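Here are my notes after a look through the model, in no strict order. Have the viewer open while you read.

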Amino acid sequence: MVEGRWRTAGRALVRVIVVWAVSTLTMLALAGLLPDFQLQSDDGDSVTRTAVTAALGAGAFGLLTALVWPVVVRALLLVPALILGLLVFFLNGSLLLIALWLIPDGRGAADPETAVVVAAVMSAVASATSTALAVRDDNAYRRRLSRLADRRRRRSGEDGAGSGTPGTVFLQLDGVGHDVLRRAADDGVMPTVAGWVGATHRLTPWRTDWSSQTGASQLGILHGSNHDVPAFRWYEKDTGRVMVSNRPASAVELQRRAIARTGDGGLLTVDGASRGNLFSGGADQLALVLSMAARRGRANRSRAGYFAYFSDPANAVRTALSFVAEVAREIGQSTRSRLRGDSPRTGRGGLYPFIRAFATVVEKDVVVAAVIGDMLAGRTAVYADLVAFDEVAHHSGPHSRDARLVLRRLDRSLALIAKVADHAPRTYRIVLLSDHGQSPGETFESAYGLTLKDLVRAGCGLPVSRRAGRSRSGAEARDAAGDALRGALHRQRTDGEDERPEPGSDPVVLASGNLALISFPDSADRLSREQIERRHPGLLHTLASHPGIGFLLVRSEEHGSLVLGPDGAEVPIAQLSDHGPLSAFGPGAAEAVRRTDGFPHVADIMVNSMYDPKAGTVHAFEEQIGSHGGLGGEQSQPFLLSPLDLTPPVGVGAELVGAERVHRVLRRWLRECAGPQVPIGTAAEPSPPDTLTP
């Protein structure tokens, strides 16, 4: 045992010496290449003296990064992650200037700009050298990860003892549909997933609610209820505010409502960790959780995930360099797409390259590191969301080469997590799942020359932009509104009716992928079809007959809620089936619409875009060529990839429908692993069967 410790210490000492030597050589090389970086006195020094100066500088820089860097990162914990990633270079450069200042006789000097470059190169080289020395030593790799986990446990006072029962890691690949995952596995894009499918895991599709987006799906999966979440964005008349699922204030309120409805804290309330999610799931361990991001100061444990990752200077520099490379990659890919004349195409300039780099690099690196730490700490349940694919597919398309490259990198992250599971103190079952898919297609504005908001305003007889007014759809909507208004006035004169169009405020039009919600904020209640037609006689006909719109949902005073479709189709919600206006949208569409119609905050007019079953395309009402949020195509078909030693999600021949039922499946799996892991309060509703339709 003593001999093993001496051997381990000897290997560690050798690694330190090698990294120091490589850093010294790197510093010498940079001093020879960069004119504003010197390691000699003004009178010149011998080669030996210069080498000693470089060794002193490299050693001082290494010590400063090891000792000072974690303190600096903790002090900057409240800085937004995007800014922190950019500050990495400048902070490292500052440490290098301090290291050069510590060299005796003032032989080290560099301009601030040069110091940033030198520090970045030295950190990258040191990190690569250290990694290369440990690549062939699995025990060293395991010990390093274990030490990091032990350090974290000691700081938090946790018991790191393993458990005889297996833990569960839920990894959500945001926006990856069932068919996309299947093709990626079959084509060799995701070899890790391909090795799981059929051999150790079963692949099961499931169907989302009408609102096929992360806010509704993840709230249902983590908290067991997504009641009254009609879309990604919606207007609430009782409070006068717009709810947006990815805003911290809205996420806090949605989580509060779900907990109040179910009487249960969430899926992760017992020894759980939530990483990179919109909602906490009741977990105590948090990192990058939006519903907790509004907290300030030390109470915001969600931001601690940044410190855990960026406290390692090698991690910080590696992620910063990858961030810059991803920005350059996006600029190159968008330029090539523009030169090729790809269609459909959407704008990818402005801040988007940096937003994409945050999602595909910073968020992924921090979340993966947090999951690895959770596994080495032996936590019972971990749920993490990797958003890289969803972000890229929105702007490049879910079937594009850009999106497939992201899937390849995500697969490498899955392989790393699976490898770390071998070193964890307990056995882990890894469940892969998605919250929705994405459907491709040209945007509504690109196809028809105006936005849906422009079309609504034209249908209401309100002013629109000159470009929208000149479009064919805008002109037709304006003419239809004028004809309907003249018809209403004519009926008043001939029949003596007192039905002048009612004045009202401008409509609020909010887009959520290919789903849009139209609300009239001056009315406290949901407007009826009859009220809308008295206000804006041509609006509903203009929308329902437009070729880019599949169907509308409105309330009628005479018939109850109605679905309006092309060619004058009108179907009461009670008689709605998957045929008629909804025939193109596949099985389950009628039930999804019927459920949303019962929400308290359903809009006055719900608008779903057209869907072409042959091409699989929709029209997003946002600037997205890969979209989700409504009905139509792959966006409604996510997946569950679960270990074979867990019970099947549904019975043979049955279909898993809705995020709330997925929650019950995951909760059942946690109970199978180690007894009841989610406390069920007395206020919780009884769980219906996990299957819905045979």
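Which residue in strand 6 does Arg233 stand opposite? That one is picked up in the first point below. Keep in mind throughout that this is a predicted model.

1. The hairpin. Arg233 faces Val244 of strand 6. The two strands involved, strand 5 (residues 233–236) and strand 6 (residues 241–244), run antiparallel and are joined by four bridges. Together they make a hairpin with four residues between them, and Gly240 in the turn shows a positive phi of about 75°.

2. The six-stranded sheet. Going across, the strand order is 12-13-17-14-15-16, with antiparallel pairing, and the sheet is open. Strand 12 (508–512) and strand 16 (570–572) sit at the edges with a single partner strand each, so one side of each has no neighbour in the sheet. From one strand to the next, the twist averages 20°.

3. The strand 16 edge. Here strand 15 (residues 560–564) pairs with strand 16 over three bridges, in the antiparallel sense. If you want a register check, Val563 is opposite Val571 in strand 16.

4. Helices on the sheet. Helix 22 (residues 589–597) packs on the sheet and touches strand 14, strand 15 and strand 17 (605–609), with its direction at about 40° to that of strand 14. Helix 17 (residues 452–459) lies across strand 12, strand 13 (515–519) and strand 14 (549–556), and runs at about 150° to strand 12.

5. Backbone oddities. Most residues other than glycine have a negative phi, and most peptide bonds are trans. Three spots are worth a look on that score.
 - Asp228, in the loop between helix 9 (214–223) and strand 5, has a positive phi near 65°. With 8% relative accessibility, Asp228 counts as buried.
 - Leu288 is not a glycine either, yet its phi is positive at about 55°. Leu288 belongs to the loop between strand 8 (285–287) and helix 11 (304–310), and counts as buried at 16% relative accessibility.
 - The peptide bond from Ser343 to Pro344 is cis, with omega near 0°. Pro344 is in the loop between helix 12 (313–340) and helix 13 (352–377).

6. Ser627. Is this residue buried or exposed? Ser627 counts as buried because its relative accessibility is 1%, and the cut-off for buried is under 20%. Ser627 is part of strand 20 (residues 626–627). Leaving aside residues up to four places away in sequence, Ser627 touches His394, Gly437, Gln438, Ser439, Gly513, Asn514, Val618, Ala620 and Gln635.

How values were computed
Residues numbered from 1 in each chain as written. Predicted model: local features only at pLDDT ≥ 70, side-chain atom pairs only at ≥ 80, totals over all residues. Heavy atoms only, no water. Buried < 20%, exposed > 50% of the residue type's maximum accessible area, 1.4 Å probe, protein only. Contact = heavy atoms within 4.5 Å. Pairing = 2+ DSSP bridges. Axes fitted to C-alpha atoms, helices over the stretch in contact; angles between N-to-C directions.
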